[in-house]
Amino acid sequence: AEQEYLMMTKWLPEDVPSTLPPNASHQVGVGVFIYDASSSRVLAVQERNGPLKGKGVWKMPTGLVNVGEDITEAAVREVKEETGCDVSFSSVLALMQSHGFAFGKSDIFFVVACTPVLPDGATSIDDIVLSPQESEIDMCQWMGLEEFCSVEFMQSRPLYRQIMNTCYRYAKGEYKGIRGAKLAANSERDDLLLFGE
């Protein structure tokens with residue numbers, strides 16, 4: 001099912017298994033670690049809607065990648081939508097896969113690092129006006145790196161603890177992650193390639 005149409009199929013041969021592909025099996029998400037090295041602070045949000053609603057948990061901005069959108073573009077868009085802050089993509093820090101997620105689909109989740117982009121005339125991140133997205137975000141603020149990476153909710157779960165540790169190592173210059181570049185796939189199209197050293 002798509003917005004424009006609904007397709008139904010029937011595999012006619014009874015003695016041969018169907019080779020028709022099922023509908024989309026995965027969704028792709030992105031979580032964005034926005035680190036300002038000059039102040040050693042991270043941009044964090046609290047959810048107004050979602051699984052962490054009302055729990056007071058500070059986390060990185062997250063969201064889903066749209067059809068036809070690169071992961072790098074989705075990261076920049078999600079941060080702008082959720083916080084009003086402009087950022088530039090730096091690298092992919094981690095990749096997570098889970099199953100039985102929304103609507104029974106599998107989820108592929110990229111944790112990426114981005115750098116804040118200062119508006120014209122600004123001298124620090126304190127000059128950035130943060131504006132939480134009314135429908136999704138309750139609050140957003142800059143937090144110290146140590147405080148952000150030690151949020152109890154994240155540290156009490158092995159998966160999230162590893163993500164926080166990876167973000168911390170990136171901020172400290174101990175891990176570079178995987179960079180991305182748009183490269184010509186053919187004469188008509190450039191595709192995003194994620195690659196490491």
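The exercises below, each with a worked solution, concern a predicted model.

**Exercise 1. Overall layout**

Describe the order of the secondary structure elements in the protein and the extent of its C-alpha trace.

Solution. Start with the element count: the protein has four helices and eight strands. Read from the N terminus, these elements follow the order β-β-β-α-β-β-β-α-α-α-β-β. Next take the extent: the C-alpha trace spans about 65 × 45 × 35 Å along its principal axes. For burial, 35% of the 197 residues count as buried. Finally, consider the contacts with a separation of 6 or more: 61% of them are between residues 24 or more positions apart.

**Exercise 2. The nonpolar cores**

Identify the residues with the most contacts inside the largest nonpolar core, and state which elements supply at least two residues of this core.

Solution. The largest nonpolar core contains 24 residues, and the most contacts inside it belong to Phe33, Met60, Val111, Leu145, Phe148 and Cys167. At least two residues of this core come from each of the strands β1 (26-36), β2 (41-47), β4 (87-98) and β5 (106-116), and likewise from each of the helices α2 (145-149), α3 (152-155) and α4 (158-171). The largest share is that of α4, with four residues. As a detail, take Cys167: leaving out residues up to four places away in sequence, Cys167 touches Phe33, Met60, Leu93 and Val111. Apart from this core lies another, of 18 residues, including Val65, Ile71, Ala75 and Cys85. As general background, nonpolar side chains in soluble globular proteins tend to be buried together.

**Exercise 3. Helix α1**

Check whether the end-to-end distance of helix α1 agrees with its number of residues, then list its buried residues.

Solution. Helix α1 covers residues 71-83, which is 13 residues. The expected span is 1.5 Å times one less than the number of residues. For α1 this should give 18 Å, and because the end C-alpha atoms are 18 Å apart, the two values agree. The buried residues of α1 are Ile71, Thr72, Ala74, Ala75, Arg77, Glu78, Val79, Glu82 and Thr83. After α1 comes Gly84, with a positive phi near 80°.

**Exercise 4. Cysteines**

Determine how many disulfides the structure holds, and place Cys85 and Cys149 relative to the nearest cysteine sulfur.

Solution. A search of the whole structure gives zero disulfides. For Cys85, the nearest cysteine sulfur belongs to Cys140 and is 8.9 Å away. A disulfide needs the two sulfur atoms within 2.5 Å, and Cys85 is in no disulfide. Cys149 is in no disulfide either; its nearest cysteine sulfur, that of Cys167, is 6.1 Å away. Now take accessibility: Cys85 counts as buried because its relative accessibility is 0%. Cys149, at 7%, also counts as buried.

**Exercise 5. Rings around Phe33**

Classify the ring pairs that Phe33 forms with Phe148 and with Tyr170.

Solution. Four aromatic pairs are found in the whole structure. For Phe33 and Phe148, the ring centres are 6.1 Å apart and the planes are at 40°, so this pair is tilted. Phe33 lies in strand β1 and Phe148 in helix α2, 115 residues apart, and the pair links distant parts of the chain. Both of these residues are buried. For Phe33 and Tyr170, the distance is 6.5 Å centre to centre and the angle between the planes is 80°, which makes an edge-to-face pair. This pair also links distant parts of the chain, as Tyr170 is in helix α4, 137 residues from Phe33. Phe33 has a relative accessible area of 0%, so it is buried. Ring pairs join Phe33, Tyr35, Phe148 and Tyr170 into a cluster.

**Exercise 6. Three further sites**

Describe the surroundings of Phe153, Gly50 and Glu146.

Solution. Begin with Phe153: the charged end of Arg157 sits over its ring, 3.8 Å from the ring centre. Gly50 lies in the loop between β2 and β3 (62-64), and its relative accessible area of 41% makes it partly exposed. Although Gly50 and Glu136 are 86 residues apart in sequence, their C-alpha atoms are 7.8 Å apart. Glu146 belongs to helix α2. Beyond its neighbours within four places in sequence, Glu146 contacts Tyr168 and Lys172. The C-alpha atoms of Glu146 and Thr72, 74 residues apart along the chain, are 26 Å apart.

Note on methods:
Residues numbered from 1 in each chain as written. Predicted model: local features only at pLDDT ≥ 70, side-chain atom pairs only at ≥ 80, totals over all residues. Heavy atoms only, no water. Core = buried A, V, L, I, M, F, W, Y, C linked by side-chain atoms within 4.5 Å. Buried < 20%, exposed > 50% of the residue type's maximum accessible area, 1.4 Å probe, protein only. Contact = heavy atoms within 4.5 Å. Phe/Tyr/Trp six-rings, centres within 6.5 Å; stacked < 30°, edge-to-face > 60°. Lys NZ or Arg CZ within 6 Å of the ring centre and 35° of its normal.
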